[in-house]
Every structure is written in structure tokens, then in C-alpha cells.
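Here is a short report on a protein model. Have the sequence and the 3D view ready as you read.

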Amino acid sequence: MNIDLKPEDKGNILLVDDIPENLHLLSDLLTKRGYTVRSVTSGKMALKTVKVKHPDVILLDIKMPEMDGYQVCEVLKNDDNLRDIPVIFISALDDVFDKVKAFNSGGVDYVTKPFQVEEVVARLENQLTIQRQKRLLEAEVSQRRQTEEVLYQSRALLASILNSSLDGVAAMQAVRNPETGDIEDFRCLVVNPVIARVFQRNREDMIGKLVMKKFLSHIDPELFDQFVNVVETGEALERDFHYPSNNGYWYHFVAVKLGDGFSISIRDITSRKKIELALQEANQQLGLIANLDGLTKVGNRRCFNERIAREWQELTEKQQPLSLILFDIDYFKLYNDYYGHLAGDECLFKIAQLVSTLIRHQDINRPTDLVARYGGEEFVILLTNTDLSETVIVAARIQTAIRKLKIPHIQSQIQGIVTISLGIASVIPTLALTPDKLIGNADQALYQAKQQGRDRYCIYS
């Protein structure tokens, strides 16, 4: 069976060269062969870029101003988080001294200019293969460690039961009425120190004694009949109970039939309750992260999809309007090509944060609405219980605010600064429609705004 790999599956490559022509040539060659390629023109930009997203391999020129390739490589190898990224030097320097210095600084390979693309690809694939094998090995080691940990925990649990260090363990024998055969009490056959502490008795004072019925009368009189049911029916009993001692402990127990009696294991779950609360809080934090766009720190596509589905259902019942603004940055590809991806990322972050702040500003005061990154340079604003006229006001203020940022955009074919185009749509949700209808309407309005010259908003009609 043949499996078509996506381009990013072949490898994420970072090119570092101060000559743009070299970058464009090599980037085009590698992109056509299915690699994901990022390019920067200086060592400092390379160090910033790798921290944003680790590449699989770095192709690094040696002779660059300010910071040469040797220095860049040494910085990478001195960083615990970056040292494992393989660096292949590409340079016109062909002396043995230069090659030795490249390897001493941490490089894994060396390609001499002018290069043959087949040679570059072969050396690149060699390093990617090594990286893949390394990841597979690390995954296997991790899996083995997890397996060993599970086995260790299982053995530790068994040891704790046998040694009575974590759980209380006891075995009870039914004491029956000689005439009726009914169970009147239970005699302790085996009891460990943990259960003795629960009973607040010494083990010697419990073994062979009838203490169960009296003890249970202080906790829950119905428990005695439930233990009788375990013995008579063979059905296990599992539940939590609160023991009203000085500190008020919580215990969890499991009782199963054992001969003409039952065995019981008891665990103090007071600490577990605290852990459960901590895990609950951690899960809430993970939920927030899962719905947050890592770059812009506003909602992501998943967050938007979940919110619009929820709002659609609620507003269908209330028959109130739901509005959407869909906008993207004008000529953003040209911005990225001219200023670089790092500057592009910074631009996206500034605009996302500005819009998010503006939505919650007292002049608009819409704290329940959502700003989310829809994809690339495209963003959405979901406005609940908001009609079309109110939505237009919000869109106009956002457009004006972004203009006031005056982010330079020399390649823009409009004003020389970063601008946006917006599509506006509003609808009263019904069961006959879906959220895709509202999104599609806003998308059509955005298309009209672009067709009319950009740096404007259009309303779906």
C-alpha cells in the first residue's frame, strides 16, 4: 500500500544565508521536493526562529556579517533545547581547516559551494533518517520506561498490601446464630496495622474478637446488613465512607466474599481527594491551552467551532441574532516575503491582541464575545445577541484602530501600512440553518471587500 506523505512529513528545513538569491534558489529546489522550508538572512534571526519552532535540519552558511555560521552553531550546541538539531554547513570555503572548524563547532556535515542539489538532498535525507531513527529509539526507550514504571507500581502496590503500608487489609468470619443460622456479627481473623488504626485499637485486641457490629454502629448501621449481603449473595461491595475522628478521614473500601465471611481492603483517600482537585484544576488549564492559538494568544479554530455551535443552539431557542466578522490582513504574503516570518508573526500577534483588547474595551464592552484565529492571517469575531448595525460599528472601530497602529507595509498596494479587509454577516439562528451558513456569508462579504480594493468592510446582503 502506498502512503502519500504530506510536504511537512518529509522534513522541516531552516535555511540560513545572508544572500537572498541563494535562499530563494535552495528554498525553491527543496520545496519542490516536498520539504517545508523557512529562510532567514542572519545568524541572529536564525537563533530566534529555531526557538519559535524547531526545524529538523539547519542548512547554515558560514560567511555572514555580525555572526558567522561557526558562532551560530556554537550557540545552538550550548543550548540544551537546541543542541540536538543537526547543522549542515554550506559554504564556498573548501580548506581542510574550515571543514575541521565546522565539525568542531558542532556541524554534522559540510557541503561545498557551488553545490549539486542531488548532493544536498542526499546529505539532508541522511540527517533526516538519523533523526527519525533517533526519535523511534527515544520512543521505544520511553515506552520501555513506561512499562517498567507500570510494573514497578504494580509490584509496589502488591508490596504495600502485603506489608500493610498503604491499604488496610482484613478478613472477617461470620458468626451465626446456632438456631436460626442468621449472621449476628463478624469475628476478625486477619487484620493489619492500618485497619487497627481505623478502629483505633491494637491488632491484638481485634484478632479473634467480635468488634465489627459495634464499630459499624458508630459509622453507618446499614453497613452491617450490607456486609451480611456480601456473604449471603456473593455480590461485592464497594463504597466510600467518612470516619468521624478528630480530623475526619475519608476511606474507600472493597469487600468480597471469602468462605463464610468476607475480606476487605481499605484505603485512606483523603490525600487522593486533594490530588483529584489538583488534577481537576490542571485539566481546566489544559482545556484553556487546547483552545488557545499558540502564536496570537487568542482563541483557535477549535475554540471558535465549539463556541459558534454552542451559541447557535442557544440563540436558536432565544431567537436572537448572531453576527460574525471575518477579516484578514491585506497582502500579508507580501509582508512576510519582505519583512520575514518573524516580523509576520509579530504583526499577527499585535493585531490579534489589539482586536481582543478592543472587543473588551469599555467603549464596545463585549466581554462575552470571541476573537479567534481562523487560519493563517485570517481572524473571526463572533458577536452574540448582536444585530447587523451594531456589528458594523464594531468592524469600523477595529479597522480604524488597526490603521492607527501604522505598522509599516512597504509592499502593500494600498497605503504603505498594514490594513485589513472585513466581511460582515448576521443571522437569527434556526434549526433549518447551520453555523456554516453564517460563516459562508461572512466569507462572501470578505471576498467582496477584497474585490472592491481591500482596506474596507463589506456587508453580506
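## Two residues and a strand pair

E378 touches L326, F327, D328, R373, D443 and L446, leaving aside residues up to four places away in sequence. Keep in mind that this model is predicted. E378 lies in strand β13, which covers residues 378-384. Its side chain carries a charge that counts as negative. E378 is buried, yet it has no salt bridge. The nearest side chain of opposite charge belongs to K450, 5.2 Å away. A salt bridge must fall within 4 Å, so this pair does not count as one.

Now turn to S421. This residue is found in strand β14, residues 420-427. S421 is buried because its relative accessible area is 0%, and buried means under 20%. A polar atom of the S421 side chain lies 3.2 Å from the backbone nitrogen of D455. S421 also touches a list of residues beyond four places away in sequence, including L326, F327, D328, L446 and K450. R454, D455 and R456 are among them too.

The table sets out two distances from these residues.

| Residue | Partner | Distance |
|---|---|---|
| E378 | K450, nearest side chain of opposite charge | 5.2 Å |
| S421, side-chain polar atom | D455, backbone nitrogen | 3.2 Å |

Next comes a strand pair. Strand β4 (residues 87-91) and strand β5 (residues 109-112) run parallel, joined by 4 bridges. How does the chain get from β4 to β5? The chain crosses through helix α5, residues 96-104. This β-α-β crossover is right-handed. Within the pair, S91 stands opposite T112 in β5.

Methods:
Residues are numbered from 1 along each chain as its sequence is written. This is a predicted model: local features need pLDDT of at least 70, side-chain atom pairs count only at pLDDT 80 or more; totals for chains, interfaces and linings use all residues. Side-chain values use heavy atoms; hydrogens and water are left out. Helices (H or I, at least four residues) and strands (E, at least two) are DSSP runs, numbered from the N terminus. Buried means under 20% relative accessible area, exposed over 50%, partly exposed in between (1.4 Å probe, protein chains only). Contact means heavy atoms within 4.5 Å. Two strands pair if DSSP finds at least two bridges between them. A crossover is right-handed if, with the strands pointing away from the viewer, the path from the first strand over the helix to the second runs clockwise. A polar contact is a pair of N or O atoms within 3.5 Å; within protein, one must be able to donate a hydrogen and the other to accept it, and residues adjacent in sequence count only if both atoms are side-chain atoms.
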